[in-house]
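I wanted to practise reading a protein fold step by step, and I kept notes as I went. The sequence and the structure come first, and my entries come after them.

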Amino acid sequence: MKPTIAGNGTVEESENHKMALHLDRQEKGYGLAQLDDYHDLARSDFLWSPPLHLSLIAQASSNNPKGTLGFGFWNDPFSVVMGQSGAKRRLPVSPQALWFFYGSPPNDIALAAPVPGHGWKAAVLRAPSIPTLLLAPAALVAIITAQLPIIRRPVMKTAIATVQADETLIEKDLAQSHRYELEWESERVRFAVDEEQLLESTITPRAPLGFVAWIDNQYAVASPEGGFKFGVIPTPEAQALHISEIEINGSPLVIGDVNHA
């Protein structure tokens, strides 16, 4: 794994491979501290497919940080826009994800009612496979039309309905240390915290995916009420995500030199 940082983000390693993904105070601009194992790879070369078991220990510096954080697997669908200097630039694709995800207000992406559009969640999503040459213009049209109040609701309901998703809120204190586990099989996924199963679903993402752990100050809205919106949230205080004992299929992940992001 290698770090990816932006703005006020830093990635630090301490004893026993404990990692601190840290955002300093920042009044404007985008801040990111991330570890991933797909930094220089094409999507077709991402490393992970089922069967797979992830286990790690995580703890945030606050129970309600600003922005988003999480860990798990996805296909980095928007890196042509969000990719940082030195990262592989890829054309946009339909999102696939299997992860533990936190988003503070005004984040609002509710894909599996009645679960709200923000909060600390275990989530899986599988979007339809759409050729890139069709996806980009279709997404642009959806974003533009979703800004028009008279047609926003039907446009957003149609867009959200194309995504298969399952998620549940995690009733654990984000600022306390917990062991998080997920299992990815070809026909089902399972999530657990401290050996307590939270979610089992027959929705499975398309492989291959890459591992990611991150904290940033971003927000995204995709809802019938709010349309499509993206932006950043000021971070009046420093915040961090601490992770350790990262294992996939029983083997520890190797951390690269965090001093050369």
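The entries below go from the whole chain to single residues.

**Entry 1: the whole chain**

I began by noting that this is a predicted model, and I looked up its confidence before anything else. The mean pLDDT of the protein is 85, and 80% of its residues reach 70 or more. I marked residues 80–87 for caution, since pLDDT stays under 50 there, although the model has 16 contacts for this stretch beyond four places in sequence.

I then looked up the secondary structure and found three helices and 17 strands. Of the 261 residues, 49% count as buried, and the protein exposes about 12,600 Å², of which carbon and sulfur atoms supply 56%. I also looked at how far along the chain the contacts reach: among those between residues at least 6 apart in sequence, 74% join residues at least 24 apart.

**Entry 2: the seven-stranded sheet**

I traced an open sheet of seven strands, and wrote down their order as β1-β4-β13-β6-β7-β8-β9, with antiparallel pairing. Which strands stand at the edges? I found β1 (2–6) and β9 (164–169) there, and because each has a single partner strand, one side of each is left without a neighbour in the sheet. Ignoring direction, neighbouring strands of this sheet are turned by 15 degrees against each other on average.

Next I looked at β13 and its two neighbours. Strand β4 (residues 32–36) is joined to β13 by five bridges, and the two run antiparallel; strand β6 (residues 68–74) is joined to β13 by seven bridges, also in the antiparallel sense. I noted that V212 in β13 is the bridge partner of D36, and that V212 is likewise the bridge partner of G72.

How many residues of strand β13 (residues 210–216) are buried? I counted seven of its seven. G210, V212, W214 and D216 point one way from the strand, whereas F211, A213 and I215 point the other way, and all of them are buried.

Further along the sheet, I followed strand β7 (residues 96–103) and strand β8 (residues 119–126), which pair in the antiparallel sense over eight bridges. In this pair, A123 of β8 is the bridge partner of W99.

**Entry 3: the loop between β7 and β8**

I checked the peptide bonds in the loop between β7 and β8, where both P106 and P114 lie. The bond from P105 to P106 is cis, with omega near 10 degrees, and a cis peptide bond with omega of about 10 degrees also joins A113 and P114.

**Entry 4: the nonpolar cores**

I looked up the largest nonpolar core, which has 42 residues, and those with the most contacts inside it are L54, F71, F73, F100, W120, F191 and F211. Its largest share, five residues, comes from strand β5 (residues 52–60). I chose F71 for a closer look: leaving aside neighbours within four places in sequence, its contacts include L56, W99, F100, W120, Y180, V212 and W214. Apart from this core lies another one of 14 residues, among them Y38, A97, A123 and A127.

**Entry 5: the hairpin of β14 and β15**

I noted that β14 and β15 form a hairpin with three residues between them. Strand β14 (residues 218–223) and strand β15 (residues 227–232) pair in the antiparallel sense over six bridges, and V232 is the bridge partner of Q218. Six of the six residues of β14 are buried: Q218, A220 and A222 point one way, and Y219, V221 and S223 the other.

**Entry 6: single residues**

I located S177 in the loop between β9 and β10 (178–184). Is S177 buried or partly exposed? Its relative accessible area is 44%, and since the range from 20% to 50% is called partly exposed, that is the word I wrote down. S177 touches I57, A58 and Q59, not counting residues up to four places away in sequence. S177 and H242 are 65 residues apart in sequence, and their C-alpha atoms are 8.8 Å apart in space.

Finally, I looked up two residues that have a positive phi although neither is a glycine. E195, with phi of about 65 degrees, is in the loop between β11 (189–193) and β12 (196–201), and it is exposed, with a relative accessible area of 73%. E245, with phi of about 55 degrees, is in strand β16 (residues 239–248), and it is partly exposed, with a relative accessible area of 46%.

Notes: Residues numbered from 1 in each chain as written. Predicted model: local features only at pLDDT ≥ 70, side-chain atom pairs only at ≥ 80, totals over all residues. Heavy atoms only, no water. Pairing = 2+ DSSP bridges. Helix = DSSP H or I, 4+ residues; strand = E, 2+ residues; numbered from the N terminus. Axes fitted to C-alpha atoms, helices over the stretch in contact; angles between N-to-C directions. Core = buried A, V, L, I, M, F, W, Y, C linked by side-chain atoms within 4.5 Å. Buried < 20%, exposed > 50% of the residue type's maximum accessible area, 1.4 Å probe, protein only. Contact = heavy atoms within 4.5 Å. Areas by Shrake-Rupley, 256 points an atom, 1.4 Å probe, with all protein chains shown as cover. pLDDT = per-residue confidence, 0-100.
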